[in-house]
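Here are a few short exercises to work through with the model open beside you. Try each task on your own before reading the solution.

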Amino acid sequence: MKNYNLAILGLGGMGNWHRELVNEGAWFDGKKLGGGIPRLKVTGAFDIKADRMKFAKDHGLHAYGSMKELLADPKIDIVLVSVPNELHKPYVLKALEAGKHVVCEKPVALNSRELQTMIDASKKAKRVFVVHQNRRWDEDYLTVKTIYDKKLLGEVFRIESRVHGSRGIPGDWRSLPKHGGGMVLDWGVHILDQALQMIPGKVVKVYATFTHVTNELVDDGFYAEMTFENGLVFLCEVGTSNFINLPRWYVLGRDGTALLEDFSCKGKIVRITDYSKNDAVPIRTAAGLTKTMAPRTKDTIKEEKLPVIKSDIRDFYKNVIATIDGKEKLRVTLDSVMRNMLLMEAIFKSVKTGKPVEFEGQKKKK
């Protein structure tokens, strides 16, 4: 079977993450989780920064003198585009025109028009074009998806997904509109994608707000609430000025609640076991008594461990290789990427108008 060579356009933090994943294996929390990707090897790179080219040479890669030289190399089968957001479209188009298969970092484009141009080009070139929506393999997301799919909480009516930090928006190109900066395109592209992958139904409306605590030019945080046709409300929130983080996931169902504190899947499920015992002993507050907010007694609820789902991020590239071989279809479909892009556009529209907006993304193929 054919082995494939991959070259990287943009050997920054994420570009090097791909090099490590493909050539050495996945790493998490300082620990190596496994070997590299079978039949795939990163062999070269191009970056406009001299220090990154020195880094490439020091790590056994061929340091190309230009993007043109890289794309002209017949030994390169796949090109990873890992450059600032506004350069994704021109770099992807050039790689496809050169006859290369393309993996593009997220967000794939600045808008749906750019993405459609890239999709059309990939069809014309008859090459695999895939977007690195890598957080579809996050174990915290897969755990919550299992809770939802298996109805472990009964009918789920609200899901809250949050990513919080306290360092403000990064001061590099991510802070500027012309480069496609802002948290919707940086982190929203992940957690919004997870929402659309988790809930199969249509989105009825979208309402969103932005924060500008550390940056007035782009959003340094956002709040987006999506209402699905089944009535489920899905909240996605990103904050960069949060010195006390709220839980990564909070899931509410008729029969219980699930809490995941962070990416490590620390948390629990609390489910009701006896509906007949609904009376409560009132609790006393300074302003009076309350039965409504009194805690349930232990004989009516049960605390359970989370059904943590293990995953392997290397499966992304294994699927890409199998798709090139003609043995599988892409797990990250371009239709799903387009739907996510249209959702982000709906969020920008809601912020601009200050009103909830209809989401037209379900009219696209899934």
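**Exercise 1.** Work out how β11 and β12 pair, and over how many bridges.

*Solution.* Keep in mind throughout that this is a predicted model. Start by following the two strands: β11 and β12 run antiparallel and share six bridges. Next, pick out one pair across them, where Thr-227 stands opposite Val-233 in β12. Finally, look at the connection. The two strands make a hairpin with four residues between them, and Gly-231 in that turn has a positive phi of about 95°.

**Exercise 2.** Find how strand β10 pairs with β11, and decide why β11 can be called largely enclosed.

*Solution.* First take the pairing: β10 (residues 203–211) joins β11 in the antiparallel sense, over eight bridges. One position to check is Phe-210, whose bridge partner in β11 is Phe-222. Then turn to burial. Of the eight residues of β11 (residues 221–228), six are buried, so the strand is largely enclosed by the rest of the structure.

**Exercise 3.** Locate Thr-240, decide whether Thr-240 is buried or exposed, and list what Thr-240 touches.

*Solution.* Begin with the address: Thr-240 lies in the loop between β12 (233–239) and β13 (249–253). Now apply the cut-off, by which buried means under 20% relative accessible area. Thr-240 has 9%, so it is buried. Leaving aside residues up to four places away in sequence, the contacts of Thr-240 are Gly-165, Ser-166, Arg-167, Gly-168, Ile-169, Met-183 and Asp-220.

**Exercise 4.** Describe helix α7: its span, its kink and its surroundings.

*Solution.* Take the span to begin with. Helix α7 (residues 183–198) has 16 residues and reaches 21 Å from its first C-alpha to its last, close to the 22 Å expected at 1.5 Å a residue. Then look along the axis, where a kink of about 45° is centred on Val-189. Last, consider burial: 15 of the 16 residues of α7 are buried, so the helix is largely enclosed by the rest of the structure.

**Exercise 5.** Place Asn-85 and find which backbone oxygen its side chain reaches.

*Solution.* Asn-85 sits in the loop between β6 (78–81) and α4 (88–97). With a relative accessibility of 5%, Asn-85 counts as buried. Its side chain reaches the backbone oxygen of Gly-180 at 2.8 Å. To finish, check the contacts of Asn-85 beyond four places in sequence; among them are Lys-106, Pro-107, Trp-173 and His-179.

Technical notes:
Residues are numbered from 1 along each chain as its sequence is written. This is a predicted model: local features need pLDDT of at least 70, side-chain atom pairs count only at pLDDT 80 or more; totals for chains, interfaces and linings use all residues. Side-chain values use heavy atoms; hydrogens and water are left out. The expected span of a helix is 1.5 Å times one less than its number of residues. The bend at a residue is the angle between axes fitted to the seven residues ending there and the seven starting there. Buried means under 20% relative accessible area, exposed over 50%, partly exposed in between (1.4 Å probe, protein chains only). Contact means heavy atoms within 4.5 Å. Two strands pair if DSSP finds at least two bridges between them. A polar contact is a pair of N or O atoms within 3.5 Å; within protein, one must be able to donate a hydrogen and the other to accept it, and residues adjacent in sequence count only if both atoms are side-chain atoms.
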